[in-house]
Amino acid sequence: MPRSPAFNPEENFYTVAEVAALLRCNRHLVTDLFSTEHGVRDNSQLRVRSRRLRKYSQLRIPHSAVARVLARIRVK
């Protein structure tokens, strides 16, 4: 079984908006692509809004995850 890569404190982390600007796509697409990717930090919060519980997603995406997804997309 392959080992997961160790946490690298010097690696750059990006917000969803930064990755969307880099890839020139919608923020919702970035969230869908990266929400289950290994190494992505999910700092989501649950808040009450209009009497409903809503999840506010706050992903922090490492540079290595962006490179992996781009390589996977280019292969197809």
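This report describes the sheet, the helices and selected side-chain contacts of a predicted model.

## The sheet

The model contains an open sheet of 3 strands, arranged in the order 1-5-2 with antiparallel pairing. Strand 1 (13-14) and strand 2 (41-42) each have a single partner strand and stand at the edges, so one side of each is left without a neighbour in the sheet. Strands of a sheet pair through backbone hydrogen bonds, in either a parallel or an antiparallel sense.

Strand 5 (residues 59-62) pairs with strand 2 in the antiparallel sense, over 2 bridges. Within this pairing, R41 stands opposite R60 of strand 5. Strand 1 and strand 5 are likewise paired in the antiparallel sense over 2 bridges, and here the bridge partner of F13 is P62 in strand 5.

## The helix across the sheet

Helix 3 (residues 63-75) lies across strand 1 and strand 5. With respect to strand 5, helix 3 runs at about 75 degrees.

## Helix 1 and helix 2

Helix 1 (residues 16-23) packs with helix 2 (residues 27-34) at an angle of about 105 degrees, and their axes are 9 Å apart. Angles of 65 to 115 degrees count as roughly perpendicular, and helix 1 and helix 2 are therefore roughly perpendicular to each other.

On the side of helix 1, the contact involves V16, A17, V19, A20 and L23; these meet R27, V30, T31 and F34 of helix 2. The residues of this contact divide into 7 nonpolar, 1 polar and 1 charged.

R27, which has its place in helix 2, illustrates this packing. Leaving aside neighbours within four places in sequence, R27 is in contact with V16, A17 and A20. R27 and V16 are 11 residues apart along the chain, and their C-alpha atoms are separated by 6.1 Å.

## Aromatic rings

How many aromatic pairs does a search of the whole structure find? The search finds 0 aromatic pairs.

The ring of F13 nevertheless has a charged residue over its face: R41 lies there, at 4.9 Å from the ring centre. Both residues also appear in the sheet, where R41 stands opposite R60 in strand 5 and F13 has P62 as its bridge partner in strand 5.

Technical notes:
Residues numbered from 1 in each chain as written. Predicted model: local features only at pLDDT ≥ 70, side-chain atom pairs only at ≥ 80, totals over all residues. Heavy atoms only, no water. Pairing = 2+ DSSP bridges. Helix = DSSP H or I, 4+ residues; strand = E, 2+ residues; numbered from the N terminus. Contact = heavy atoms within 4.5 Å. Axes fitted to C-alpha atoms, helices over the stretch in contact; angles between N-to-C directions. Parallel < 35°, antiparallel > 145°, perpendicular 65-115°, else oblique. Nonpolar A, V, L, I, M, F, W, Y, C, P; charged D, E, K, R; others polar. Phe/Tyr/Trp six-rings, centres within 6.5 Å; stacked < 30°, edge-to-face > 60°. Lys NZ or Arg CZ within 6 Å of the ring centre and 35° of its normal.
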